[in-house]
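Work through the exercises below with the sequence and the 3D structure at hand. Each task is followed by a solution in steps.

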Amino acid sequence: MDISIVVPLFNEDESIPELYAWIARVMEENQFSFEVIFIDDGSTDRSWSIIEDLKKQSPSVKGIKFRRNYGKSPALYCGFKEAQGDVVITMDADLQDSPDEIPELYRMITQDGFDLVSGYKQKRYDPISKTLPTKLFNATARRVSGIKNLHDFNCGLKAYRKDVVKNIEVYGEMHRYIPYLAKNAGFDKIGEKVVHHQARKYGSSKFMGLNRFVNGYLDLLTLWFLSTFGKKPMHVFGFLGSIMFLIGFLAVVIIGAGKLYCLANGIPQRLITSSPWFYIALTTMLIGTQLFLAGFLGDLISRSSSNRNDYQIEKTI
């Protein structure tokens, strides 16, 4: 099969028939063999019944229905697990992503040799309350991930080689960082294509609000830490703990040496315990010890983890 198209959706009953008809027309014009996998993320409207009707009309339609709303990442994870096409395309169900982009995305994967191609909505039809935070978010994501050529990490329109989606785990709200996940799994041929962004035709966006940007930054920090120190936590906690303990220890030595000098020379001085610096030094030593122990325990947990040797193997002979 040439292409699997994965479409996560939530309450998009008005746009689903039009979207599928558009996809089917593009596929037939380009003579692609294809499947469209709709993942209903706990919709409360007629979305699932429409998917069932489409299935009766076309064998290319597949559907997965969640019992409740889990989020976009779980929907993509299940869609990736089901996909059989050589190239996997993801797109949103709100008609803001154009299926006309699919042939070029497919060519970039199959002929240009990219592992992943992300869409870039250079001209957006979103309010400034969404576009401005998005620009700040993408600038941070580029710096942290090291993927300098991507301008829109969160664009729903992406294309992947099949190997990519079968070797990454999209969980929580990590759909924003699929290029970063792919890079960490060894798929570093990542490209970008400017795509047409259409104004929303039906309903309203399901992804508005400040929470998604706050959560996005927290997820980015989590992913950075896991990718950098996930299998070697002692390297960060042990290092920080050792530095803090050393600073505290040296401070205690300096305070103690000063006290001994004053005693030896008959210089009157108040008790060490009356100095705030003594308690600051002890606190620094305690925090350093706790950080070191956290790294040690993290290493023990990492070594006993069932996926401690979960490495991505491309081929065996």
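**Exercise 1. Which residue forms a salt bridge with D163, and are the two partners buried or exposed?**

Step 1. The partner of D163 is R161, and the closest N and O atoms of this salt bridge are 3.3 Å apart. A salt bridge here is a side-chain nitrogen of Lys or Arg within 4 Å of a carboxyl oxygen of Asp or Glu.

Step 2. D163 has a relative accessible area of 39% and is partly exposed. R161, at 24%, is partly exposed as well. The classes are buried under 20% relative accessible area, exposed over 50% and partly exposed in between, computed with a 1.4 Å probe on protein chains only.

Step 3. Keep the basis of these values in view: the model is predicted, local features need pLDDT of at least 70, side-chain atom pairs count only at pLDDT 80 or more, and totals for chains, interfaces and linings use all residues. Residues are numbered from 1 along each chain as its sequence is written, and side-chain values use heavy atoms, with hydrogens and water left out.

**Exercise 2. How many salt bridges does the structure hold, and which parts of the chain do the pairs K62–E35 and K121–D97 link?**

Step 1. The structure holds 12 salt bridges.

Step 2. In the pair of K62 and E35, the closest N and O atoms are 2.9 Å apart. K62 sits in strand β3 (residues 61–65) and E35 in strand β2, so this pair links distant parts of the chain, 27 residues apart. Helices (H or I, at least four residues) and strands (E, at least two) are DSSP runs numbered from the N terminus. K62 is partly exposed at 27% relative accessibility, while E35 is buried at 2%.

Step 3. The side chains of K121 and D97 meet at 3.0 Å, N to O. K121 is in the loop between β5 and α5 (128–145), D97 in the loop between β4 and α4, and the pair therefore ties together parts that are 24 residues apart in sequence. K121 is buried at 8% relative accessibility, and D97 is buried at 0%.

Step 4. A network of salt bridges links R25, E29 and D100.

**Exercise 3. Describe the surroundings of strand β1.**

Step 1. Count the buried residues: 7 of the 7 residues of β1 are buried, so the strand is largely enclosed by the rest of the structure.

Step 2. Sort them by face. I3, I5, V7 and L9 are buried on one side, and S4, V6 and P8 are buried on the other. In a regular strand the side chains alternate between the two faces of the sheet.

Step 3. Find the pairing strands (DSSP must find at least two bridges between them). β1 and β2 run parallel and are joined by 7 bridges; L9 stands opposite D40 in β2. β1 and β4 also run parallel, with 4 bridges, and I89 in β4 is the bridge partner of I5.

Step 4. Together, β1, α1 and β2 make a right-handed β-α-β unit. Right-handed means that, with the strands pointing away from the viewer, the path from the first strand over the helix to the second runs clockwise.

**Exercise 4. Which residues have the most contacts inside the largest nonpolar core, and which elements supply it?**

Step 1. The largest nonpolar core has 35 residues, and I3, I5, M27, F38 and I89 have the most contacts inside it. Such a core is a set of buried Ala, Val, Leu, Ile, Met, Phe, Trp, Tyr and Cys residues joined through side-chain atoms within 4.5 Å.

Step 2. At least two residues of this core come from each of β1, α1, β2 (34–40), α2 (47–57), β4 and α4. The largest share, 8 residues, is supplied by α1.

Step 3. Apart from this core lies another one, of 31 residues, including I39, A141, L181 and A185.

**Exercise 5. Which residues of helix α4 (residues 102–110) are buried, and what covers them?**

Step 1. The buried residues are I102, L105, Y106, M108 and I109. They span an arc of only 160 degrees around the axis, by the directions from the helix axis to the C-beta atoms, so they lie on the same side of α4.

Step 2. The cover includes β1 (3–9), α1 (16–29), β4 (87–90), β5 (116–120), β6 (158–161) and β7 (190–194), where contact means heavy atoms within 4.5 Å.
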